[in-house]
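Work through the exercises below with the sequence and the coordinates open beside the text. Each task is followed by a solution that goes step by step.

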Amino acid sequence: MTAFWNVTLALLEGFGSTCLIFAATLVFAIPLGLLVTFGSMSRFRPLKWLMRTIVWVVRGTPLMLQLIAIFYGPALLFGIDGLDRVPAVIVAFVINYACYFSEIYRAGIEGVPRGQAEAGQVLGLKKSQVFFHITLIQLIKRIVPPMSNEIITLVKDTSLARIISVTEIILVAQEYTRQGLIWPLFYTGVFYLLFVGVLTLLFRYTEKKLEYIKI
Amino acid sequence: MKKLFATLLAGAVAVCGIAALGACKDENTLVIGYTLYAPMNYKDESGKLIGFDTEFAEKVCAELGYTPKFQLIDWEQKISELESKKIDLIWNGMTITDELKENIAISDPYLENKQVVVMKLEDKDKYTDVASVGAAASIAVESGSAGEATVTDNGYTSKLNKMTAQSDCLLEVKTGSSEVAIIDYTMAKSMTGEGTDYADLTYVDVGYAEEEYGVGMRKEDADLLKQINELIAKYKQDGTLDGLVKKYLV
């Protein structure tokens with residue numbers, strides 16, 4: 001029983017890192033994604049192509065490779081110290097998820113009929129007013145289901161951090177496996193399930209709250 | 001809109017700040033890359049890192065006036081970790097091979113090792129010599145390890161299951177996913193048999209060529225290499241290494 005308790009505590013500590021990566025990624029990637037969207041929808045061609053190229057590269061390569069490139073790359077290529085382990089993970093995740101989020105946002109924005117923006121303009125609203133008072137709330141309603149998907153994927157993607165030895169929960173469990181104790185690895189599933197369970201309830205609540213908007 | 005950009009900018013600055021904090025390094029610290037495995041580097045009941053290599057590295061660092069900092073690494077990234085200066089030494093029961101010598105500097109050997117075959121207890125009579133292991137349907141080895149080299153050297157044609165860690169090879173055999181595993185003698189000895197979680201596994205020394213463990217470092221750290229080699233010679237003479245063998249390997 002004490003073994004179970006000790007393993008639970010150790011896994012919880014690892015799960016702390018998991019949650020940190022998860023939260024930091026959301027906090028930075030959600031707004032950064034919006035910037036990427038504006039960039040890739042810009043009428044200024046060079047900016048648009050630059051953003052679309054970045055999105056292509058980031059979505060077109062494995063997150064694991066991006067982690068390795070961001071952590072070891074600066075030191076290997078330019079001899080500079082670069083980022084520490086956890087910051088490197090967060091930077092890689094933020095860039096990666098911002099790009100995926102940006103495409104979801106784009107779908108949301110383009111899903112709002114053009115006529116609404118035109119109507120806004122006719123009424124004398126500025127572009128930013130149209131975005132924040134008309135488009136944004138409809139966009140949010142549209143993107144909740146696909147964003148839920150990405151966010152749930154993010155919970156599990158955090159386990160990739162172990163590639164550069166950030167002691168998230170899977171790595172902690174693997175340490176046990178390597179010392180001969182196998183069950184903690186399967187036990188980690190419970191932590192993920194509970195976390196995703198809470199998120200699922202949260203998403204359902206959000207969708208309910210947004211039901212009043214008819215699109 | 002401006003406010004939004006300002007907030008984002010502040011966030012970006014914050015990330016850079018956190019990043020810069022972690023980047024500073026101490027001159028007197030040697031960062032030692034390791035992976036957890038008994039008996040070289042592992043944790044005792046209280047969670048303290050112990051083991052043959054842990055104690056050996058601590059002794060060497062103390063004598064040279066460095067503070068050792070043990071950094072858990074992914075074994076497959078060991079060269080990247082070293083070259084990018086995230087770690088200064090690879091000290092984790094690393095078998096000296098010609099391939100490794102091309103890329104990094106390696107100390108004089110400090111411990112003898114050999115590859116052995118791990119199998120389920122009931123298969124004990126099936127695999128007794130070098131030739132009979134070749135008849136196994138599948139062999140688990142750590143990717144890039146001396147075990148994998150053993151498979152190549154002996155021309156085995158069995159299905160090869162490449163794992164990221166030697167200890168994962170044990171799990172392979174326990175679950176029957178691989179019929180046998182070829183891993184270090186030191187690990188097989190301390191992790192299989194009675195009193196371990198792998199009590200249903202055993203190992204056989206079928207007589208593969210002997211090999212040796214060395215400490216890995218960057219080629220440009222020639223002074224450090226010289227200092228460590230001198231200490232290895234000294235510890236061989238004064239019985240320090242024998243003491244560690246008795247403590248962790250017998």
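**Exercise 1: the fold of chain A**

Task: describe the secondary structure of chain A and how its residues are packed.

Solution. The secondary structure of chain A comes to eight helices and zero strands, where helices (H or I, at least four residues) and strands (E, at least two) are DSSP runs numbered from the N terminus. The model is predicted, so that local features need pLDDT of at least 70 and side-chain atom pairs count only at pLDDT 80 or more, while totals for chains, interfaces and linings use all residues. Residues are numbered from 1 along each chain as its sequence is written, and chains are lettered from A and ligands numbered from 1 in the order in which they are written. Of the 215 residues of chain A, 33% count as buried (20 or more other C-beta atoms within 10 Å of the residue's own, with C-beta atoms placed from the backbone).

**Exercise 2: helix 1 against helix 7**

Task: at what angle do the axes of helix 1 and helix 7 of chain A cross?

Solution. The two axes, which are lines fitted to C-alpha atoms over the stretch in contact, with angles from 0 to 180 degrees between N-to-C directions, come within 7 Å and cross at roughly 145°. Helix 1 of chain A contributes residues including A:Leu11 and A:Phe15, and helix 7 of chain A residues including A:Val172 and A:Tyr176; a contact requires C-beta atoms, placed from the backbone, within 7 Å.

**Exercise 3: the side facing chain B**

Task: how many residues does each chain give to the contact?

Solution. Chain A gives 24 residues and chain B gives 26. On the side of chain A, the largest share, four residues, comes from helix 1 of chain A.

Technical notes
Two residues are in contact if their C-beta atoms, placed from the backbone, lie within 7 Å. A residue is buried if 20 or more other C-beta atoms lie within 10 Å of its own, exposed if 12 or fewer, and partly exposed in between; C-beta atoms are placed from the backbone.
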